[in-house]
Amino acid sequence: MLEMLSPFFHLLLFPGGLFALACGLLLKGVDRKVAARLQRRIGPPLHQPFVDLIKLWHKDSSVPETAQSRVFAWAPHVGVTGMALAALLIPIGGVYTPSGAYGDLLVLLYLLAVPAVALMIGGAASGSPFGAIGFSREMSMMLAYEGPLLLALLSVALKVGLATGGVATFSLAEIVRYQQAHGALLFDPVMWPAVVTFLFVIPANLGVVPFDIPEAESEILEGPLLEYSGKELGLFQIMSALKMVVVLGLGVTLFCPTAPGGLLLSLAWFIFKCLVLMVASVTVVRSATGRLRIDQAFSFYFKWPEALGVASLILVLTTRNFP
Amino acid sequence: MFSFLKILVRNLIQGPSTDPFPFGETFTPEGLRGRVRFDASACVGCRMCEHVCAGGAIRFEQSESELRFTLWHNSCTFCGLCQHYCKTKAIVLTEDWHLSHRQEEKYAMVEQGTVPLAPCLGCGISMIPVADELMRVAYRETNQDIDRLRRLCPDCRRKLGIKGVQRCKM
Amino acid sequence: MKTFLKKVAAQSPWLYRINAGSCNGCDVELATTACISRYDVERLGCKYCGSPKHADIVLITGPMTTRVKEKVLRLYAEIPDPKVTVAVGICPISCGVFRDSYAIEGPIDKYFPVDINVPGCPPRPQAIIEGIAEAISVWRTRL
């Protein structure tokens, strides 16, 4: 009986669902606070994202006349579901290891594309020209950053797979186990190009400032989110909070999933690592740069992260004989 | 290339530069043009302020017994022209900028004053009495003759003036 | 529980600007309150949003010119309830220096309810923040 219930527990409470949501909103709160401090402002209180979410639940929501109303209303639900499932797959070192039946790195890679797809569907269904522009930009961005992301994931999979005698391992549990036995990949110079590639991908994947081109509020009025209001917008906020945890958690899993003993200590350590990763790859970048044009961002991703990703792949393959 | 990191670290160390207002005090620069104060006792009713007012915020209403001055802050551009042209300093722009208000008080955001008219000593017609400030601006020192002129309407003053010329026998 | 949630929700007013034919003076002051760390509206829980559908507090500048009138009315109708309207500058309040022009249709309270007025030409950022703080207290009662 308990065995049957555990997937639901994992999906709804921990580590997916409520825990991931609370974690994501907390990360967003810290992000806003630290960004404000970096710009010499006081900034909102840490619980501001929670407050925003509650507020959106109290607002009216409307569907524009020109929208495909059913698709429009369902797009945020698709996004949230995808991200909740993805949160299920993120191992927390020393606390939670996803069962192989839930999925592996490849499933996670596909699920990571769901929020962008949900945004594109929502934007396209809203019937607004800004939504359509957001749609096309979101798609270009996806094309640009999925490549380097795939290369970074593949480098880790190959590294772990080759070291354990296979070809490539896409099992998240296996990757965590390998690193807990042999030390974090973060401290292996061979993996540094992959780390940097992943760091480059995070801002685009989370849609923060230099690469928030699809949701640019000052030029295309938040693009796909333009027509959303009230609860639906709240769902998109939940989605982006979950995505924050998933992407940062994935980074932690791939490169530094080691944990000290103890349940609570491990959990706190995981959140702390997510925080550090976020401040380094999101907050600092966000508060120091301005938004790029879509073609600039596109060509940037096709140059540096792509090249680094390929270099990391070659490096992993050539150094396999000298561990 | 990484000079921005230096700036960010410096910002982090220096701490927020945010003004504590609305929870605390803020600064007001000297010479800020804010809420207008009208001093009825110094007004001579020349209506120059109404003439130069860019926003059309100043209005005078003359009745039998008084001259009413009304300035609506919701139409005032705080340009300070009225203060500049008011020789007797009846209009002064203070440094009070707390002007935001609710819609109910929209038409209460006014500065009003009434200048009571006084009868002329000569003919009894009601006229705006000459303010002390104007006397100070116009004459270095006053004597009894000038003081008597104050109480007269322009017509009576002119008559008195012509008489004075005759008396001098120029 | 419900009242508690509403009380919490009141701490998150999102701002939206409508330019009803303003000369941009007030818009510059609004940008100042948003972007300069000295005035930081974000500490009140505010956030400038790009879409009228996300807005809670509407800041209107400009005297409502004839050309822009239809668009402003449409935009205003798009903003979901509950909302609070703040007129920034003397133009939306009384049309200011543009009053009686053939091209002006204002003041804006002819067309929709205004809650807070912030006079000035333009008002200084502190005055705008004061107006926003007052708008938040109005918004608290609306939720």
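**Entry 1: confidence**

I began with chain C, whose mean pLDDT is 86, with 100% of its residues at 70 or more. I noted that this is a predicted model, and that the predictor gives the complex an ipTM of 0.81 and a pTM of 0.81. Within chain C, I found the lowest confidence in helix H1 (residues 2-9), where the mean is 76, and the highest in strand E4 (residues 84-88), at 91.

**Entry 2: chain C against chain B**

I next looked up where chain C meets chain B, and found 31 residues of chain C in contact with 31 residues of chain B. The area buried between these two chains is about 2,500 Å², and carbon and sulfur atoms give 51% of that area.

I then turned to the polar side of this interface, where the count is two salt bridges. I looked at a salt bridge between the side chains of Asp109(C) and Lys106(B), with an N to O distance of 2.6 Å. Across the interface of chain C and chain B I also noted 14 residue pairs in polar contact, both residues being at pLDDT 80 or more.

Which elements of chain C each supply at least two residues of the side that touches chain B? I listed helix H4 (90-94), strand E5 (116-118) and helix H5 (125-142) of chain C. The largest share, nine residues, comes from H5(C). By class, I recorded 14 nonpolar, eight polar and nine charged residues on the side of chain C that touches chain B.

**Entry 3: strands across the interface**

I followed E5(C) further and saw that two bridges join it to strand E5 (residues 101-102) of chain B, the two strands running antiparallel. In this pairing I found Arg102(B) opposite Ile116(C), which belongs to E5(C).

**Entry 4: chain B against chain A**

Turning to the interface of chain B and chain A, I found ten residues of chain B in contact with nine residues of chain A. The area buried here is about 890 Å², of which carbon and sulfur atoms give 66%. Which residues of chain B lose the most area to chain A? I noted Leu8(B), Asn11(B) and Pro16(B), which together account for 47% of what that side buries.

I looked for salt bridges between chain B and chain A, and the count is zero, while the count of residue pairs in polar contact, both at pLDDT 80 or more, is two. The side of chain B that touches chain A divides into five nonpolar and five polar residues, with no charged ones.

Note on methods. Residues numbered from 1 in each chain as written. Chains lettered and ligands numbered in written order. Heavy atoms only, no water. Contact = heavy atoms within 4.5 Å. Buried area = accessible area lost by both parts, 1.4 Å probe. Salt bridge = Lys/Arg side-chain N within 4 Å of Asp/Glu carboxyl O. Polar contact = N/O pair within 3.5 Å; in protein donor to acceptor, adjacent residues only side chain to side chain. Helix = DSSP H or I, 4+ residues; strand = E, 2+ residues; numbered from the N terminus. Nonpolar A, V, L, I, M, F, W, Y, C, P; charged D, E, K, R; others polar. Pairing = 2+ DSSP bridges. pLDDT = per-residue confidence, 0-100.
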